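Trainee: I'd like a close look at one sheet in this structure, strand by strand, and then whatever sits around it along the chain. Take your time, and carry on into the interior afterwards.

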Amino acid sequence: MAVVLKDVRAERWPVAGAFTISRGSRTEAEVVVATLTDGTHDGRGEAVPYARYDESVPDVMAAIETACRGTGDLSPARLLECMPPGAARNALDCALLDLEAKRSGIAVADRLALPPRPETSTTCFTLSLGEPDHMALAARKAADKPLLKIKLGGGREDQARLQAIRQARPDARLVADANESWSPQDLRALLRVAANVGVELVEQPLPAGADAILATIDRPVPVCADESAHTAQDIAGLIGRYDCVNIKLDKAGGLTAALAMAKAAEAAGLSIMVGCMLSTSLAMAPAWLLSPWARWLDLDGPLLLAKDRTPAVTYASGGQMCAPPRALWG
């Protein structure tokens, strides 16, 4: 039976407080959920339109509807041919994979012959950008989270943020995410500060397209590409500039493309972070299948929300993300 679009809808999920990065602050997560059906079984995929990549909720919904119009050949391979990377393709790719799992009774991971995943894995817990003392307080409140991801905003105040958080949590593993906010003038000094306080990884310090200097300096802390890398085709351009790449399904345009990206990164000798946008457990479940490649797992989206959908991913004590339930996805 032909696969058709049953529904595409926009959803808003309140954030627990506010989520702030260098580009602004948000009080809710805006996601798009696509549901595909064969008339008997349904498959769902969740995606996050991201303004940084010129995406909006209406545009992503329209792209999903257009891709599903008048065709009997919806497949991950066809999506790769007819749709660009991004949130719309992610929603449909994940919905197709979920639908096939529901129809066949075979889990996505088994059908794709993916490496085994652990039952639990430590995920980052993100601290929103703020004043150094406020971020230090948030770090202390997250005493049960062993791996903290620190949002930074550029300038010399980042030095104070890093030092305050380390003082507040001498026990924690730290990674830092500058979201393109550092300047070339501050780069060396801030990388030294990050090294001095024991940061394991600095994510996207410079703007995408303005990161060539990374190939010319010593990097006392490994540097991870996020905004500078979307698909497997981008991996070759990272060599020499970056040590790691953050793979997100919304950037790559689905799990199918993200798996290709992970294999390309591994072949290039780059470490891998598996990341997410601000979203619910439905978006975390397919990303979890990339965990065998991940040196750092950053799938804490639901932990930043005031509530999550049901069924949901379980996050246990000690910052442990548990394997998503099959009833949720895949």
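Mentor: Let's settle the words first: two strands pair if DSSP finds at least two bridges between them. Helices (H or I, at least four residues) and strands (E, at least two) are DSSP runs, numbered from the N terminus. What you're looking at is a predicted model, where local features need pLDDT of at least 70 and side-chain atom pairs count only at pLDDT 80 or more, while totals for chains, interfaces and linings use all residues. Residues are numbered from 1 along each chain as its sequence is written, and side-chain values use heavy atoms, with hydrogens and water left out.

Now the sheet. Three strands make an open sheet in the order S4-S14-S13, and the pairing is antiparallel. S4 and S13 are the edge strands with a single partner each, so one side of each has no neighbour in the sheet. Between S13 and S14 (residues 320-322), the antiparallel pairing runs over two bridges, and Tyr 315 stands opposite Met 321 in S14.

Next, look at what leads into these strands. The loop between S12 (296-297) and S13 (315-316) holds Pro 311. The peptide bond joining Thr 310 and Pro 311 is cis, with omega about -5 degrees. On the other edge, the loop between helix H4 (108-111) and S4 (120-122) is where Pro 116 sits. Ala 113 has its place in the loop between H4 and S4 too, with a positive phi near 55 degrees although the residue isn't glycine. As background, most residues other than glycine have a negative phi, and most peptide bonds are trans.

How covered is that loop? I call a residue buried under 20% relative accessible area, exposed over 50% and partly exposed in between (1.4 Å probe, protein chains only). Pro 116 is at 72% relative accessibility, so Pro 116 counts as exposed. Ala 113 counts as exposed as well, because its relative accessibility is 64%. For a long-range link, try the C-alpha atoms of Pro 116 and Ser 291: they are 9.1 Å apart, with the two positions 175 residues apart along the chain.

Now set that beside Asn 179, in the loop between S7 (173-177) and H7 (184-196). Asn 179 also has a positive phi without being glycine, near 50 degrees. Its relative accessibility is 4%, however, so Asn 179 counts as buried. Lys 248 is another loop residue worth a click, placed between S10 (244-247) and H8 (249-252). Lys 248 counts as buried because its relative accessibility is 9%. Leaving out residues up to four places away in sequence, Lys 248 has contacts (heavy atoms within 4.5 Å) with Asp 226, Gly 275, Cys 276 and Met 277.

On to the interior. A nonpolar core here is a set of buried Ala, Val, Leu, Ile, Met, Phe, Trp, Tyr and Cys residues joined through side-chain atoms within 4.5 Å. The largest core has 87 residues, and those touching the most other members are Leu 162, Trp 182, Val 199, Val 245, Leu 255, Leu 290 and Trp 329. Helix H9 (residues 255-267) is the biggest giver to this core, contributing seven residues. A second core of 22 residues lies apart from the largest one, and Val 32, Ala 34, Val 57 and Ala 87 are among its members.

Trp 329 is a good place to stop and look around. Skipping residues up to four places away in sequence, its contacts include Cys 94, Leu 97, Asp 98 and Lys 102, along with Leu 282, Ala 285 and Pro 286. H10 (residues 281-288) is mostly covered, with eight of its eight residues buried; among them are Leu 282, Ala 285, Pro 286 and Trp 288.

H3 (residues 87-104) is mostly covered too, with 14 of its 18 residues buried. From first C-alpha to last, H3 reaches 26 Å, close to the 26 Å expected at 1.5 Å a residue; that expected span is 1.5 Å times one less than the number of residues. Right after H3 comes Gly 105, with a positive phi near 75 degrees.

Finish at the N-terminal hairpin: S1 (residues 4-21) and S2 (residues 24-37) pair in the antiparallel sense over 13 bridges. Two residues make the connection from S1 to S2, and Ile 21 stands opposite Gly 24 in S2.
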